[in-house]
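Student: I'd like a close look at one part of this structure, with how it fits in with the rest. Please keep it friendly, I'm still new to this.

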Amino acid sequence: MVKLRLKRCGKKQRAVYRIVAIDVRSRREGRDLRRVGFYDPIKNQTYLNIPVILYFLEKGAQPTGTVQDISKKAGVFMELYPNQQTKFNFN
């Protein structure tokens, strides 16, 4: 199973995260299948490769809670399900 989750990068006390598609059995810093975005919580910057995220979601990838919140703010799920106005829960 594939998950969309955060991979920690950066220095001590200055964490930045890559949003990656990764196998569930891999550890947090393990080898990822594909980088799909970037998140900097200190500067509050986000970059998402939306077509790739949609591709993985359509193939059955499950986002973690934090990645789901970041994607929801960016409107990724509105592109995946344009006619639904309900709350999305992938767990």
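Tutor: Let's start with helix H2, which lies across S1, S2, S3, S4 and S5 and runs at about 95° to S1. Keep in mind that this is a predicted model. The part I'd like to zoom in on is another helix, H1, which also lies across S1, S2, S3, S4 and S5, this time running at about 120° to S3.

What is the sheet under H1 like? Its five strands form an open sheet in the order S4-S3-S2-S1-S5, with mixed pairing. At the edges sit S4 (45–48) and S5, each pairing on one side only. S1 and S2 pair in the antiparallel sense over 10 bridges, and arginine 8 stands opposite tyrosine 17 in S2. These two strands make a hairpin with two residues between them, and glutamine 13 in that turn has a positive phi of about 60°. On the other hand, S1 and S5 (residues 62–63) run parallel and are joined by two bridges. There, lysine 3 stands opposite glutamine 62, and leucine 4 has proline 63 as its bridge partner.

Now for H1 itself. This helix covers residues 50–58, and its buried residues are Ile50, Val52, Ile53, Leu54, Phe56 and Leu57. A general point helps in reading such a list: an α-helix has 3.6 residues a turn, so residues three or four places apart point the same way. Take isoleucine 50: its relative accessibility is 19%, so this residue counts as buried, the cut-off being under 20%. The C-alpha atoms of isoleucine 50 and valine 36 are separated by 7.8 Å, although the two residues are 14 apart along the chain. Just after H1 comes glycine 60, with a positive phi near 105°.

Where do buried residues like these go? In soluble globular proteins, nonpolar side chains tend to be buried together. Here the largest nonpolar core has 18 residues, and those touching the most other members are Leu4, Ile19, Val36, Leu48, Ile53, Phe56 and Val76. The elements giving two or more residues to this core are S1 (2–11), S2 (14–23), S3 (34–40), H1, H2 (65–74) and H3 (76–80). H1 gives the most, with six residues.

Phenylalanine 56 deserves a closer look. At 12% relative accessibility, this residue counts as buried. Leaving aside residues up to four places away in sequence, phenylalanine 56 touches Val2, Leu4, Ala21, Arg34, Val36 and Ala61. What about its neighbour, tyrosine 55: buried, partly exposed or exposed? Tyrosine 55 has a relative accessible area of 45%, so this residue is partly exposed.

Those two residues also bring us to the rings. A pair of aromatic rings is described by the distance of the centres and the angle of the planes. The model has one aromatic pair. It is formed by tyrosine 55 and phenylalanine 56, with ring centres 5.4 Å apart and planes at 75°, so the pair is edge-to-face.

So there's your picture of H1: a helix lying across the five strands, with six residues in the largest nonpolar core.

Note on methods. Residues numbered from 1 in each chain as written. Predicted model: local features only at pLDDT ≥ 70, side-chain atom pairs only at ≥ 80, totals over all residues. Heavy atoms only, no water. Buried < 20%, exposed > 50% of the residue type's maximum accessible area, 1.4 Å probe, protein only. Helix = DSSP H or I, 4+ residues; strand = E, 2+ residues; numbered from the N terminus. Phe/Tyr/Trp six-rings, centres within 6.5 Å; stacked < 30°, edge-to-face > 60°. Core = buried A, V, L, I, M, F, W, Y, C linked by side-chain atoms within 4.5 Å. Contact = heavy atoms within 4.5 Å. Pairing = 2+ DSSP bridges. Axes fitted to C-alpha atoms, helices over the stretch in contact; angles between N-to-C directions.
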